[in-house]
Each structure stands twice: as C-alpha cells, then as structure tokens.
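These are my notebook entries on two topics: cysteine pairing and backbone angles.

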Amino acid sequence: MSEIKLNKLADYLWEIPQEGNMLVPARIYATEKMLPNLLADNAPQQAANVAHMPGIVGYSLAMPDIHWGYGFPIGGVAAFDVDSGVISPGGVGYDINCGVRLMASALTREEVAPKMQQLMGALYKNVPTGVGASGRLTLEQKELQHVMTEGAKWTVKNDYGTEAERDFIEERGTMAGANPDLISNKASQRGRSQLGTLGSGNHFLEVGYVAEIFDATAAEALGLFQDQVTVIIHCGSRGFGHQVCEDQLSVMDKAVHKYGITLPDRQLCCAPISSPEGQNYLGAMRCAVNFAFANRQIIAHWTRESFSHIMNKAPKYIGLRTVYEVAHNIAKMERHTFEGVEREVCVHRKGATRAFPAGHPHIPSAYQNVGQPVLIPGDMGRYSYVLVGAPGSMEQTFGSTCHGAGRAMSRNKAMKVAAGRNIAKEMQDQGVYVMGASRRTIDEEIPEAYKDVTEVVDTCHMAGISHKVAQLRPLGCIKG
C-alpha cells in the first residue's frame, strides 16, 4: 500500500504536492471510491517520480486507469518543453503505439448473433494470435523499411484498405520523421513476420454491439446506432516495437550520465529532446509507431474478409468501416497553451489516449462538430465505451484522457482466481464466445482482473476531459 500524500482538489482529482526535487506537482484523476485500489501498488509514486524530470510542464498527470508500469505509470501523461525537456522510452512503453481501432458495420446484433460461433472461428483462423506468433506475411527488409516510414499508407498501396480510411486514423496512420537506419537487425528480424498479428497479453479482437447511446448527436456523427455490430482491434507494434524500446533503453542509460540528469528511478532514463540521443529515439520510435498502424490496418482488412465469408455478403453490404483509431503509447510534438502561454511540447502518453475537442484542426472533418472519437475498451465480460474529446482536455491534460479499464490484479493473481474454472465456458454461458492462444491467455484476462471501466470513464466524463457517447457490449472476443 502506497503511503504517498494526496490532497483532494475535486471529487475526481487529487494532487501529490511538489516536494523535495519534484519540479511540478503530480495529479491523479480518480474518485474516492477508486483510491484503495489505486494506492495498492506503486503507480502514484511513479507519477511523483515523473515530476522530477527536466523540462516537465505543468504537472505529471495520471488517468483513472493508472497502474504500475516501467518508469512511468501506465495511465501516465507528461508534457516536456521542446527546448529544455527530455524524451524517455519509459514514457512511451515497450509496446510502442499499442492502440485501438473501432469499426462499425451495417449489420445488427440480430443478424450476426446466430453465426457468432462460426464468425469467431474464422477470425481466429485469419488473425494469428499469441506470443511470438507469425503472420500470413513475411516481408523482405526493403518492404519492412517501407512499412517503418509509411505505416498505413503502405498497407493501402498493397490493397489492405482505402486511402479514404486513413482520414480516420490518428496521424492518418503515418507518422513523419521515422528513420529505419536507427533500427537494429534484431528488431527487423522480429518484425518481418509479425505484421497482421494480435500478439499476446491484453491484446484482443472483439465483436460487439452498441448497447446504449448517451449522446444521440455525437453518435449520429460517428455513424453509430442501437444494436449495431462493431469490432474493436487492440494491439500494437509486437516484438518489433519491444526490441526498438529495448535497444533505445541501453542508449538512454548512458545519456543520463552524459548529460548529468538526476532521476529518482533508473527506469526513467532519458535524454534532452534536442540531443542526438533524443532525436534518434524519436526516429526509431516513429518506425515502430508506423509498424503498429500498418499492423492494425491489415488485421482490419482480414476482419472484413472474415465477416464477408461467414455472413455470405460482399464487403460493401457488410459495411464494416473504421470509425477511428487511436494510439495509446506514443510521444508526439504538439502545441498547447499552459498558463496563457502557447508552446511546443513533447507529450508522452503511456496508456493514455489523445482527446482533442470539437474544432481542433487535427481531427477528421466529419467529426469537427463533436470532437475526436475516444475509444475505451473494458474487459471481455462487461462493456467498452466510445467517447469524444472535450474542451477540458486542452485546459487540464494536454489533450489527453484514459485508455482502458486498468488492471485490478496481477496476471499471477488472475491465474490463481481462475484456477479450477472454465473461463471460456463461463463467458459462453453469458453469451460471449471467447477464444485464445492458450487457456492461460484467457485465464489471465478474466473480467475481474480489471477495474470496472464505467468508473474510469465516468471519472473522465465528470472531469470534462472526455464526453460519453455510447456503450458497447461484447458478443465474441479473441484474446492474444
């Protein structure tokens, strides 16, 4: 149990006061009911540790799904001045550009429910899952380098989607500034056969439906309607991104000493943004960002094919389109106003989602009147949420909000709780078809291993950093 001091600022906001060598306070979004679980691990201390880092602007921030991570807490947000600040791999994470795509179809729950078992079987066959899983593609090095620099643009050129679809992906699915020359042979070898795969851990592909609409105007703008069948794809840059992070951490370890940076935790190793090490990290990270964008685009394409085959309809009649795709683990150069001063900052979002409000120039024209879609998955037994960015995000959190439910128990504890149970059978009895690479994979992801995502979403809604639009409920889930 963390002994860290928390001052209550509002019903949804707590502050760790600036003490010792902290350069700014740390702020945590949570309700009082959530505090015992939140304080049960070291995540609040990690949020305070981030506040020691050079060039941090305003606050070290933590979303209500905060839990312990490498260096930064998962659910952590921090903005650093581009001139005096640092870049840290721990503020992005190992699974670079882990993110979520929401797709919505022209089908209803009533149409799809009778074929759910066959549909999940087809999806499981077409989208490889599990630790180290290889996909249906194996790229030559030259093609992999194109993926690193082009991301979703490469997939469109290779007939895995359309150019118009890119408008509904953060960064249009291609992040500029990627430098393949900074990628190790080991990272390339790991990535060559993993494009189009879910991976392991908490990654998943879920077929669900719109169960409840909270904002009819926003739902209409996003093309969502009651009982509509949806798909959520949650995955990242696989072993490629993991290796990129591993390679860069060793560089940053040395950079800390080179630049005389003092940190409370070695896992926060970093370098000045303007330094060669900082710029090289950004160039390598962006390669992994683009790999992940391409990965989800290919999975989306194979998902469409699976639906078309099982429903015996052409894709145009299935109507499975991308509503939006967001990145969770990323560092981006953005312009924000803090205390009346507009400045360029490097925003680290680790287990956090961009949440730009209506009118922001970096969201699709179709959503200008309602705000950027925010996609918050829950667990496989309950529900997920669609929100839109709200004005408060720009005022409070550098355009950020939560990214999911957040774990309530470790994987080992989840395994103990699931011992002797048939989780897949339990889920099927609830009307949810679950498949996974192994029984362990499913057991680690039992619904009770996660916080109730409603509490997390309601906290962000109440804080005014994102606004609820719809609730989605699962019909079937493939676990990595």
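**Entry 1. Disulfides.** I counted disulfides in this predicted model, taking a pair of cysteine sulfur atoms within 2.5 Å as the criterion. The count is zero. I then looked up individual cysteines. For C235, the nearest cysteine sulfur belongs to C98 and is 7.4 Å away, and C235 is in no disulfide. I noted that C235 is buried, its relative accessible area being 0%.

C270 came next. The nearest cysteine sulfur to that of C270 is the one of C269, at 7.2 Å, and C270 is in no disulfide. I recorded a relative accessibility of 0% for C270 as well, which counts as buried.

**Entry 2. Backbone angles.** I recalled that most residues other than glycine have a negative phi. I therefore looked for exceptions to this general pattern.

R238 is not a glycine, yet I found a positive phi of about 60 degrees there. I placed R238 in helix α9, which covers residues 238-258. Is R238 buried or exposed? With a relative accessible area of 10%, R238 is buried.

E339 also is not a glycine, and its phi is positive, at about 50 degrees. Where does E339 lie? I located E339 in the loop between β12 (329-338) and β13 (341-350). The relative accessible area of E339 is 70%, so I entered this residue as exposed.

**Entry 3. Summary.** I keep two residues with positive phi side by side: R238 is buried, whereas E339 is exposed. R238 is in helix α9, while E339 is in a loop between two strands, β12 and β13.

How values were computed: Residues are numbered from 1 along each chain as its sequence is written. This is a predicted model: local features need pLDDT of at least 70, side-chain atom pairs count only at pLDDT 80 or more; totals for chains, interfaces and linings use all residues. Side-chain values use heavy atoms; hydrogens and water are left out. Buried means under 20% relative accessible area, exposed over 50%, partly exposed in between (1.4 Å probe, protein chains only). Helices (H or I, at least four residues) and strands (E, at least two) are DSSP runs, numbered from the N terminus.
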